[in-house]
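Please open the structure in your viewer and keep the sequence panel beside it, since this tour moves from one selection to the next.

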Amino acid sequence: MPLTTSSDILICGSGIIGLLFACLLHFHGYREVTISEVSESRRSLAAGLDLGYHVVHPDVLVDRCNVAKLDGDDGWGFDAVIDCTGVPAAVEQAIKWLCCAGKMIVFGCCPKNSSIKIDPHEVYAKELKIIGALINPFTFPKAIQLVKDMSEKYLKYDKLGIAVFDLPSYQSALDALTRGEISKAVFQM
């Protein structure tokens with residue numbers, strides 16, 4: 001069943017993939033979105049998209065989850081979580097933040113042979129769905145159309161933290177990426 005636009009959605013990670021997911025959700029009418037990010041500079045980038053989404057450190061969600069448990073609030077949580085971190089511990093944590101019938105979309109590329117620990121009782125009791133995502137070879141025309149439709153409002157390099165460098169400045173680009181000042185580097189000739 002597709003998620004309604006009133007669904008509460010969590011995006012874990014606001015690197016370039018998380019930012020693009022945020023833009024895509026907004027483009028499709030989703031407004032109840034929270035973005036969870038450890039890095040302060042990446043949280044600033046996510047907030048700078050001006051989509052009206054909540055941008056928080058994961059510790060804020062840990063606290064909210066703990067308070068909900070103490071208060072006996074079984075309804076707290078998200079209808080869907082999209083992991084864009086590729087960090088197994090973040091996936092483990094985010095699964096706990098799903099409400100009943102929640103969907104976990106694992107999009108971030110976790111390291112090969114890594115593992116996550118899931119309480120099967122939680123999956124059963126909350127009727128969770130865990131969905132893996134890989135490239136669908138039949139979506140290229142739709143993706144090109146989305147880029148055309150979204151380009152004017154959502155796909156501005158500066159808002160997405162993308163910086164353009166000339167090739168001889170590759171070290172500056174790598175340094176900026178390492179420091180978390182940008183989400184991606186694009187090289188021009």
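## First stop: a strand residue

Begin by selecting Phe165, which lies in strand β7 (residues 162-166). Bear in mind from the start that the model on your screen is predicted. Phe165 has a relative accessible area of 15%, and because buried means under 20%, Phe165 counts as buried. Now add Ala185 to the selection and draw a distance between the two C-alpha atoms: they are separated by 7.0 Å, although the two residues are 20 residues apart along the chain.

## Second stop: a helix residue

Select Met150 next, which you will find in helix α6. Buried or exposed, which word suits Met150? With a relative accessible area of 5%, Met150 is buried. If you then pick Lys96, which is 54 residues from Met150 along the chain, the C-alpha atoms of the pair turn out to be separated by 32 Å.

## Third stop: the largest pocket

Stay with helix α6 for a moment, because the way into this stop is through the elements that line the largest pocket. Which elements each supply at least two residues of that lining? They are α1 (16-27), β4 (78-83) and α6 (140-154), so colour these three stretches before you go on. The lining of the largest pocket is made up of 31 residues, and those that lie nearest its centre are Phe21, Leu24, Phe107, Ala143 and Leu146. The space in this pocket comes to about 1,400 Å³.

## Fourth stop: two annotated spans

Two annotations from a database record can be laid over the chain at this point. In an unreviewed entry, UniProt lists residues 17-148 under "domain: Alcohol dehydrogenase-like C-terminal". When you select this span, the C-alpha atoms at its ends lie 18 Å apart, and the span is 42% helix and 20% strand. The UniProt annotation "transmembrane region", also from an unreviewed entry, covers residues 6-27. Here the end C-alpha atoms lie 14 Å apart, and the span is 55% helix and 18% strand.

## Fifth stop: salt bridges

How many salt bridges does a search of the whole structure find? The search finds four, and three of them are visited here.

Select Asp50 and Lys159, whose side chains meet in a salt bridge with 3.2 Å from N to O. This pair links distant parts of the chain, for Asp50 sits in the loop between α2 (40-47) and β3 (54-56), whereas Lys159 belongs to helix α7 (residues 157-160), and the two are 109 residues apart. Asp50 has 59% relative accessibility and counts as exposed, while Lys159, at 31%, counts as partly exposed.

Move on to Lys156 and Glu152, where the side chains meet in a salt bridge with an N to O distance of 3.9 Å. Lys156 is partly exposed, with a relative accessible area of 33%, and Glu152, at 63% relative accessibility, counts as exposed.

Then select Glu181 and Arg179, whose side chains form a salt bridge at 2.6 Å, again taken from N to O. Glu181 is partly exposed at a relative accessible area of 46%, and Arg179 is exposed at 51%.

## Sixth stop: two backbone angles

Return to Asp50, and this time look at the backbone rather than the side chain. Asp50 has a positive phi of about 55°, although it is not a glycine. A second residue to select is Ala101, whose phi is near 65°, which is likewise a positive value in a residue other than glycine. The place of Ala101 is in strand β5 (residues 98-106), and at 43% relative accessibility Ala101 counts as partly exposed.

## Last stop: a nonpolar patch

To finish, show the surface and select Leu167, Tyr170, Leu174, Leu177, Phe187 and Met189, which together make a nonpolar surface patch of about 650 Å². Which helix gives the most to this patch? Helix α8 (residues 170-178) does, with three residues. Leu177 is found in this helix, and at 32% relative accessibility Leu177 counts as partly exposed. A patch residue needs over 30% relative accessible area, so Leu177, with its 32%, passes that cut-off.

How values were computed: Residues are numbered from 1 along each chain as its sequence is written. This is a predicted model: local features need pLDDT of at least 70, side-chain atom pairs count only at pLDDT 80 or more; totals for chains, interfaces and linings use all residues. Side-chain values use heavy atoms; hydrogens and water are left out. UniProt positions are given in the numbering used here, feature names are shortened, and annotations may be inferred rather than shown by experiment. Helices (H or I, at least four residues) and strands (E, at least two) are DSSP runs, numbered from the N terminus. Patches are made of residues with over 30% relative accessible area and no salt bridge: like charges are joined within 9 Å, nonpolar side chains (Val, Leu, Ile, Met, Phe, Trp, Tyr) within 5 Å. Accessible areas come from the Shrake-Rupley method with a 1.4 Å probe; for residues, only the protein chains shown count as cover. Buried means under 20% relative accessible area, exposed over 50%, partly exposed in between (1.4 Å probe, protein chains only). On a 1 Å grid over the protein atoms alone, a cavity is a set of points where a 1.4 Å probe fits but cannot get out, and a pocket is an open set with protein on both sides within 12 Å along at least five of seven lines; lining residues have an atom within 4 Å of a point. Grid points are joined across faces, edges and corners, and a volume is the space filled by probe spheres set on the points.
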